[in-house]
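Subject: Structure handover

Hi,

Here is the structure I promised to pass on to you. Have a look at it first, and then read on for what turned up.

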Amino acid sequence: MTIPLQMAPKDLVFQVSHNDSPMPAAERDAILADPPFGSVFTDHMVDICWSEKGGWHRPRVQPYGPIAMDPAAAVLHYGQEIFEGLKAYRHADGSIWSFRPDQNALRMQRSAKRMALPELPADYFLESLKQLIAVDGAWVPSAPEMSLYIRPYMYAKEAFLGVRAAKKVAFYIIAAPAGPYFSGGVKPVSIWLSTDYSRAGKGGTGQAKTGGNYAASLVAQAEAAEHGCAQVLFLDSVEGKYLEELGGMNIVLVYKDGRVVTPQSDTILQGITRDSILQLAEDAGHTVERRPVTLEEWRDGVESGDIVEAFACGTAAVVTPIGQLKSKDFTIGDLDQPAGPLTLALREKLTDIQYGRQPDPYGWMFRLDG
Ligand SMILES: *Cc1c(COP(=O)(O)O)cnc(C)c1O
């Protein structure tokens, strides 16, 4: 993986201040043995400032802790915010790697453009990851299926109650050790079809990784939970006919003839996991189709036996089989059926590369330590 340098190396010097009272090693190791998802954070965080006048400046590593914020900070009023999500994996030899972080850096730039935020140069993004691992590397678990979830984010911090793009912005990275996203391992989950709510609309922010898309999904997600479902599936907001994605994961269907099909739309997030999985499927000889997919096609396909597997994918949940789709007026699939063979094979191929159990012919892995 090569990234053209955009910054002069002297500008990439981070000021590091160490946490005087990091979590004791025994306590940390107990958490790493069985981490909750995203509720315990490492000892440090990265912070870079941006202003219209000064550009990106003052890159720092500092102790993890509360951020002082002006009550008028624009993000609190108008939601000008973006984020990313990626993981650090520990390989058998102890080294620490991340998966296609260049793609996260580029996607964050695309999200920034849409949300009128400044674009963080990719080398700042990658160097920030390395800086955090340099101080918090011990927080990367070594057990199978465990990782350190890394959350870069950026928000408008200018204190100003007017509606325009902020002239002062903050970029941070925090990290949390993570076990499996869904409890119960690689068990098929049930998803709820949202017919009353949309997550994103035409011309909106569906392709940007921004908090507002999640805020818009919460009532639908709550409705899913009320119906005993793990996740919610959204349809397109114009016709309510085409599959879009889940609250925070992309969706893929598998046909009996081996075709792998995923929705193409301007209003969904372009997942790096999905892109990688489709590449693996293509290279294993599967025909991959990226095109509009109707709900009707899925229902009919399951009924006729032409569609034999469905799964959700994203960094947090990796690849999760979908056993059942429930809605107000129908249920398809059966939660008791085992996970599909292609779903499991693709999941294994991907995680073998991520955890260094198999070679990485794609150059996807990027070393974070040393
Ligand atoms: C982050 C995200 C995904 C998954 O993207 P990955 O790059 O695979 O982690 C899918 N949908 C939404 C809405 C997301 O925010």
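The ligand takes up the space of the largest pocket. Please keep in mind that this is a predicted model.

Let me begin with the ligand and its surroundings. There are 15 residues around the ligand, and those that come nearest are Lys 209, Tyr 214, Glu 245, Thr 273 and Thr 315. By class, this shell holds 4 nonpolar, 7 polar and 4 charged residues.

Three side chains are worth bringing up on your screen. In Glu 245, an N or O atom of the side chain is 2.6 Å from a nitrogen atom of the ligand. Thr 273 places a polar side-chain atom 2.6 Å from a ligand oxygen atom. For Arg 107, the distance between an N or O atom of the side chain and an oxygen atom of the ligand is 2.8 Å. As for cover, the ligand taken alone exposes 380 Å², and the protein buries 97% of that.

Now to the pocket itself. The largest pocket has a volume of about 600 Å³, and 33 residues line it. Nearest its centre lie Tyr 149, Arg 151, Tyr 214, Gly 248 and Ala 316. Tyr 214 is thus on two lists: it is one of the residues that come nearest to the ligand, and one of those nearest the centre of the largest pocket. The lining of the largest pocket is made up of 15 nonpolar, 12 polar and 6 charged residues.

Which element gives the most to the lining of the largest pocket? It is helix 5, with 4 residues. Helix 5 spans 211-226, and at least two lining residues each also come from strand 7 (147-156), strand 8 (168-178), helix 6 (272-283) and strand 15 (307-314).

There are enclosed spaces to look at as well. The count comes to 2 cavities of 30 Å³ or more, and the largest cavity holds about 130 Å³ of space. It is lined by 13 residues, with Tyr 89, Phe 99, Thr 273, Thr 315 and Gln 354 closest to its centre. Thr 273 and Thr 315 are also among the residues that come nearest to the ligand.

Strand 5 (86-90), helix 6 and helix 8 (341-354) each supply at least two residues of that cavity lining, and the largest share, 3 residues, is from strand 5. Sorted by class, the lining of the largest cavity has 6 nonpolar residues, 6 polar ones and 1 charged.

Enjoy exploring it!

Best wishes

Methods: Residues numbered from 1 in each chain as written. Predicted model: local features only at pLDDT ≥ 70, side-chain atom pairs only at ≥ 80, totals over all residues. Heavy atoms only, no water. Near = heavy atom within 4 Å. Polar contact = N/O pair within 3.5 Å; in protein donor to acceptor, adjacent residues only side chain to side chain. Areas by Shrake-Rupley, 256 points an atom, 1.4 Å probe, with all protein chains shown as cover. 1 Å grid on protein atoms, 1.4 Å probe; cavity = no way out; pocket = protein on both sides within 12 Å on 5 of 7 lines; lining within 4 Å. Sits in = over half its atoms within 2 Å of the grid points. Nonpolar A, V, L, I, M, F, W, Y, C, P; charged D, E, K, R; others polar. Points joined across faces, edges and corners; volume = space filled by probe spheres on them.
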